[in-house]
Amino acid sequence: MPNHRSAAKRMRQNIRRNARNNAFKSRMRTALKKARKAITEGSEHKDQLVHEAIRVVQRASSKNVIHRATAQRTVSRLQRASNRANA
């Protein structure tokens with residue numbers, strides 16, 4: 001338990017931020033899994049799913065849920081896999 005008022009507030013903030021970050025990461029992972037599965041199966045909706053996954057990853061990056069370079073690397077790999085599947 002925190003001994004100071006400021007420490008108690010910091011703890012409350014950390015709990016809220018942790019929950020929000022975990023929810024965002026979960027949503028991002030789900031979108032990436034759907035997109036990768038669509039690419040490997042050759043689904044007709046794969047371009048839409050890839051686009052959605054890229055949006056979610058970039059939004060997570062903009063909100064500092066994941067690092068900027070991690071987001072760029074993830075998007076690049078996903079886009080490259082999609083382009084290979086289209087070719």
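# Three helices and how they pack

Asn-86 sits in helix α3. This is a predicted model, and the notes below look at how α1, α2 and α3 pack, what fills the core, and where a few individual residues end up. A quick reminder before the pairings: two packed helices are described by the angle between their axes and the distance between those axes.

**α1 against α2**

- Helix α1 covers residues 5-41 and helix α2 covers residues 46-62; their axes come within 8 Å and cross at roughly 155 degrees.
- Angles over 145 degrees count as roughly antiparallel, so α1 and α2 are roughly antiparallel to each other.
- The crossing of α1 past α2 is left-handed.
- On the α1 side, the contact is made by Phe-24, Arg-27, Met-28, Ala-31, Leu-32, Lys-34, Ala-35, Ala-38 and Ile-39. Facing them from α2 are Lys-46, Leu-49, Val-50, Ala-53, Val-56, Val-57, Arg-59 and Ala-60.
- Sorted by type, the residues of the contact of α1 with α2 come to 13 nonpolar and four charged, with no polar ones.

**α1 against α3**

- Here the angle is about 20 degrees, and the axes of α1 and α3 are 10 Å apart.
- Angles under 35 degrees count as roughly parallel, so α1 and α3 are roughly parallel to each other.
- As α1 passes α3, the crossing is left-handed.
- Leu-32, Ala-35, Arg-36 and Ile-39 do the touching from α1, while Thr-74, Leu-78, Ala-81, Ser-82 and Ala-85 do so from α3.
- The contact of α1 with α3 breaks down into six nonpolar residues, two polar and one charged.

**α2 against α3**

- The axes of α2 and α3 come within 9 Å, crossing at roughly 170 degrees.
- With the same cut-off of 145 degrees in play, α2 and α3 are therefore roughly antiparallel to each other.
- α2 brings Lys-46, Asp-47, Val-50, Ala-53, Ile-54, Val-57, Gln-58 and Ser-61 to this contact. From α3 come Arg-68, Ala-71, Thr-74, Val-75, Leu-78, Gln-79, Ser-82, Ala-85 and Asn-86.
- The residues of the contact of α2 with α3 split into eight nonpolar, six polar and three charged.

**The nonpolar core**

- The largest nonpolar core holds 17 residues, and Met-28, Val-57, Ile-66 and Leu-78 have the most contacts inside it.
- Each of α1, α2 and α3 (68-86) supplies at least two residues of this core.
- Take Leu-78: leaving aside neighbours within four places in sequence, Leu-78 is in contact with Leu-32, Ala-35, Arg-36, Ile-39, Val-50, Ala-53 and Ile-54.

**Polar residues on α3**

- Ser-82 is part of helix α3. Its relative accessible area is 2%, and since buried means under 20%, Ser-82 counts as buried.
- Neighbours within four places in sequence aside, Ser-82 is in contact with Ile-39, Asp-47 and Val-50.
- Gln-79 belongs to helix α3 too, and counts as partly exposed at 32% relative accessibility.
- Not counting residues up to four places away in sequence, Gln-79 touches Val-50 and Ile-54.
- Gln-79 and Asn-14 are 65 residues apart along the chain, and their C-alpha atoms are separated by 34 Å.
- Asn-86 counts as partly exposed, at 45% relative accessibility.
- With neighbours within four places in sequence left aside, Asn-86 is in contact with Lys-46 and Asp-47.
- From C-alpha to C-alpha, Asn-86 and Asp-47 are 9.3 Å apart, though their positions lie 39 residues apart in sequence, counted as separation.

**Two more spots to look at**

- Ser-26 is placed in helix α1 and is partly exposed, with a relative accessible area of 38%.
- Ser-26 and Ala-71 are 45 residues apart along the chain, with 15 Å separating their C-alpha atoms.
- Asn-64 is in the loop between α2 and α3. Exposed means over 50%, so Asn-64 counts as exposed at 66% relative accessibility.
- Check the backbone at Asn-64 as well: phi is near 60 degrees, a positive value in a residue other than glycine. For context, most residues other than glycine have a negative phi.

Definitions and conventions: Residues are numbered from 1 along each chain as its sequence is written. This is a predicted model: local features need pLDDT of at least 70, side-chain atom pairs count only at pLDDT 80 or more; totals for chains, interfaces and linings use all residues. Side-chain values use heavy atoms; hydrogens and water are left out. Axes are lines fitted to C-alpha atoms, for helices over the stretch in contact, and angles run from 0 to 180 degrees between N-to-C directions. Helices (H or I, at least four residues) and strands (E, at least two) are DSSP runs, numbered from the N terminus. Angles under 35 degrees count as roughly parallel, over 145 as roughly antiparallel, 65 to 115 as roughly perpendicular and the rest as oblique. A crossing is left-handed if the near helix is turned anticlockwise from the far one by less than a right angle, and right-handed if clockwise. Contact means heavy atoms within 4.5 Å. Ala, Val, Leu, Ile, Met, Phe, Trp, Tyr, Cys and Pro count as nonpolar, Asp, Glu, Lys and Arg as charged, and the others, Gly among them, as polar. A nonpolar core is a set of buried Ala, Val, Leu, Ile, Met, Phe, Trp, Tyr and Cys residues joined through side-chain atoms within 4.5 Å. Buried means under 20% relative accessible area, exposed over 50%, partly exposed in between (1.4 Å probe, protein chains only).
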